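Trainee: Before I trust the labels on a model, I'd like to hear what earns each one. Can we go through them together?

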Amino acid sequence: MSTAASKHDLSRFGSEVMRFSPRQCDLMIVAGRVVMKMLPVLQRIWLQMPEPKWCISMGACACTGGVFDTYSVVQGIDRFMPVDVYVPGCPPRPEQLIRSIIDLQEKIQSGGTINAREFKLRILPEGPSRFDEDELIRIRERNGFKLEDQKYDPVH
Amino acid sequence: MANETTDSNTSDMESLKSRLADLLPGIALEWSEFRGQTRVVCPAGELLKCLNAFKQSGFDQLTDLTAVDLLEYGNVNDRFEVVYCLLSIDSGMRLIAKTYLNEPDLTIPSATSVWFGADWLEREVYDMYGIIFAGHPNFKRLLLPDDFQSFPLRKDYPVKGRGERHNFPVITRAES
């Protein structure tokens, strides 16, 4: 929010207008952690936006789930939605968000689209697979299948 | 000054115990104290009578209603412990009332007939632990999605879940 305020002014990059309806937007910034109950809502909002559209995943929690590796927080929205720019940080500084919008503008300038026909070619999902490795290991162990060599797991 | 307040507290507690013994004849309440907190264990069959008696003795606010899973605690006979934190607004006395529950019968009468605030608190305890409160006006899950199959705060549920958090369709760029 301070990015759009007077000290780090976002409107100097032409990106000041924030609308409450996704039907009138080009860019969606997902800021903060996304709970599993909210993810279908987020996907529906993304589908409601008209082409051309882009997505910025802002903050550690939207990018990877952050510190909340629990049963209800989605570990990164890029598992379920196409994301163009990631902004790390917890919380990201206003300058980082401005940098991400400039990056997106450069990406559009270089790769770009005129009427979004190029997006139809990207048919494969681009984020990490939605199955965690340790979830798969747990499901397999519950079904009685054990791997012979345990891979080195520094966390557990 | 401090001596006066602690003396009046203990005398209040003694008078409270005697009043409750009069209101609840024949029910064995186990009183204990830890670091200034007074706890009482009620048998699960007589729970509503005990709660009504507590309310009559002046504990008019239910501050919290929660549950504890004692699965990995060691040295206990029962698995679940339902905890009622009570506060008397006039005198400032606090009381912790507990009952113990065991599987497979995890049903307990609802405290909404005694305190209205138990409504959402009981729904949350059901959501997280699976303890069923009989007689609740609107008994369903509070925080998790309605079709969630497990009870996450039980000790046999892993922190990272069993795959429910990622059980959603993937949207690719071409389908957007």
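What follows is a chat about the terms used for this predicted model and the values behind them.

Mentor: Ground rules first: this is a predicted model, where local features need pLDDT of at least 70, side-chain atom pairs count only at pLDDT 80 or more, and totals for chains, interfaces and linings use all residues. Residues are numbered from 1 along each chain as its sequence is written, while chains are lettered from A and ligands numbered from 1 in the order in which they are written.

Trainee: Fine. What makes strand 2 of chain A largely enclosed by the rest of the structure?

Mentor: A residue is buried if 20 or more other C-beta atoms, placed from the backbone, lie within 10 Å of its own, exposed if 12 or fewer, and partly exposed in between. In strand 2 of chain A, 5 of the 5 residues are buried, so the strand is largely enclosed. A:W54, A:I56 and A:M58 point one way, A:C55 and A:S57 the other way, and all are buried. Strands here are DSSP E runs of at least two residues, and helices are H or I runs of at least four, numbered from the N terminus.

Trainee: How do you know that strand 2 of chain A pairs with strand 1 of chain A?

Mentor: Pairing takes at least two bridges found by DSSP. Strand 1 (residues 27–31) has 5 bridges to strand 2 in chain A, and the two run parallel, so by the cut-off of at least two bridges they pair. A:I29, for one, has A:I56 as its bridge partner. Strand 2 of chain A is also joined to strand 3 of chain A by 3 bridges, again parallel, with A:S57 standing opposite A:Y86.

Trainee: Why are the buried residues of helix 3 of chain A said to line one face?

Mentor: The buried ones are A:L97, A:I98, A:S100 and A:L104. Seen down the helix axis, the buried residues fall within an arc of 155 degrees (taken from the directions from the axis to the C-beta atoms), so they line one face. They pack against strand 2 and strand 3 of chain A. The face turned away carries the exposed A:E95, A:E106, A:Q109 and A:S110.

Trainee: And what makes the length of helix 3 of chain A close to the expected one?

Mentor: The expected span is 1.5 Å times one less than the number of residues. With 17 residues, helix 3 of chain A reaches 24 Å from first C-alpha to last, close to the 24 Å expected.

Trainee: How do you know that B:R35 counts as exposed?

Mentor: B:R35 has 4 C-beta neighbours inside 10 Å, so it counts as exposed. Its phi is near 55 degrees, positive in a residue other than glycine, and B:R35 sits in the loop between strand 1 (30–34) and strand 2 (37–41) of chain B. B:N75 is exposed too, with 5 other C-beta atoms within 10 Å, and its phi is near 70 degrees. Most residues other than glycine have a negative phi, and most peptide bonds are trans.

Trainee: Which peptide bonds are cis, then?

Mentor: One joins A:E51 and A:P52, with omega about -10 degrees; A:P52 lies in the loop between helix 1 (39–48) and strand 2 (54–58) of chain A. Another joins A:C90 and A:P91, with omega about -5 degrees, and A:P91 is in the loop between strand 3 (85–87) and helix 3 (94–110) of chain A.

Terms used: Contact = placed C-beta atoms within 7 Å.
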